[in-house]
Amino acid sequence: MLRALMAVAIMAAMAGFARGRNYVVGAPTGGWDLRTNYTLWASTKTFYPGDTLTFLYGSSHDVLEVTSVAYGSCGTPSNPISSDKSGNTTVALKAAGTRYFICGTAGHCRSGMKMVVRVASSGSPPPSPLPDFPPDGPADPPSLPFPPLSLSPPAPMGAAGGACVHAKVAADLGIGISMMMAMVVVAAAL
C-alpha cells in the first residue's frame, strides 16, 4: 500500500514539473519588440496556470496588461491592469482565462506590439489559434522559422525501416519506464 501511494505521489510530482514553465516572450528569435509576430508566437504555445511570461525589452518600450477593449482599440488606458517599464517584466499566469498585453509607447501597439495569451485550465485541450482582433490593417505575412512542408509522398519504407522505428519507440518507452521504476524504488527506500 505504501509503495502504491509513493508511486502515485511521484507521478503527481512529475506532472507538476510539466507545469510552471517560464516563457520568454518572442523567444527564440525575438523579444518584446516591433519585429516579432506575437499572434504566431503565442499560437505555438499552450499556457497553463503556474506558467510565467518574461518580457525582455529596451527603454523605448513598456508592458501594459489591459482589457480586451483597450487591446482591440490599441488605446493606452490611464489605469491599465498592470504596467512595467523595467526592461525585464515577469507576469505570473495564475488562473485560466485570457490576458491582453500591449506596448504603451505611441504607435507601437498598432505596429504589432500586442499579444493575447489564453491560459488553458489544467487537463483541457490546447486553445485554438489566436486571431489578431481586430485587424489593424495589412500586415506582413509571418516568416516561418522552418521551411515549408513537402507535399510529395514519403518514400516507401521496407520492413527493416518500420522495425527501426518500432525499436526506437520501444527503447524510448523502456528508458522512461526504467526511470520511473528507479524513482519508485528510491522513494520506497526513503
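Let's start at His108: in this predicted model, leaving aside neighbours within four places in sequence, His108 is in contact with Leu34, Ser60, His61, Cys103 and Met113. You will find His108 in the loop between strands S6 and S7. Is His108 buried or exposed? Its relative accessible area is 12%, and buried means under 20%, so His108 counts as buried.

One of those contacts, Cys103, is a good residue to look at next. Cys103 also counts as buried, because its relative accessibility is 1%. You may wonder which cysteine sulfur is closest to that of Cys103. The closest one belongs to Cys109, but at 8.4 Å it is too far for a bond.

Cys109 does have a partner, though: Cys109 and Cys74 form a disulfide, with their sulfur atoms 2.1 Å apart. This pair links distant parts of the chain, 35 residues apart. Cys74 sits in the loop between helix H3 (68-73) and strand S4 (82-84), while Cys109 lies in the loop between S6 and S7. Both Cys74 and Cys109 are buried. The torsion about their S-S bond is about -70°, so the disulfide is left-handed. A search of the whole structure finds one disulfide.

Now follow the chain to the strands on either side of that loop. S6 (residues 97-102) and S7 run antiparallel, joined by six bridges. If you would like a pair to locate on screen, take Thr98, whose bridge partner in S7 is Arg118. Strand S7 (residues 114-119) is mostly covered, with five of its six residues buried.

From S7 we can step into the nonpolar interior. In soluble globular proteins, nonpolar side chains tend to be buried together. Here, the largest nonpolar core has 19 residues, and those with the most contacts inside it are Trp32, Phe47, Leu53, Phe55, Phe101 and Met115. Helix H2 (38-43), strand S2 (52-56) and S7 are the elements that give two or more residues to this core. Apart from this core lies another, of nine residues, among them Ala70, Tyr71, Tyr100 and Ile102.

To see the surroundings of one core residue, centre your view on Phe55. Leaving aside neighbours within four places in sequence, Phe55 is in contact with Trp32, Phe101 and Met115, and also with Val25, Val63, Gly87, Asn88, Thr89 and Val91. Trp32, Phe101 and Met115 are, like Phe55, among the residues with the most contacts inside the largest core.

Terms used:
Residues numbered from 1 in each chain as written. Predicted model: local features only at pLDDT ≥ 70, side-chain atom pairs only at ≥ 80, totals over all residues. Heavy atoms only, no water. Buried < 20%, exposed > 50% of the residue type's maximum accessible area, 1.4 Å probe, protein only. Helix = DSSP H or I, 4+ residues; strand = E, 2+ residues; numbered from the N terminus. Pairing = 2+ DSSP bridges. Contact = heavy atoms within 4.5 Å. Core = buried A, V, L, I, M, F, W, Y, C linked by side-chain atoms within 4.5 Å. Disulfide = S-S within 2.5 Å.
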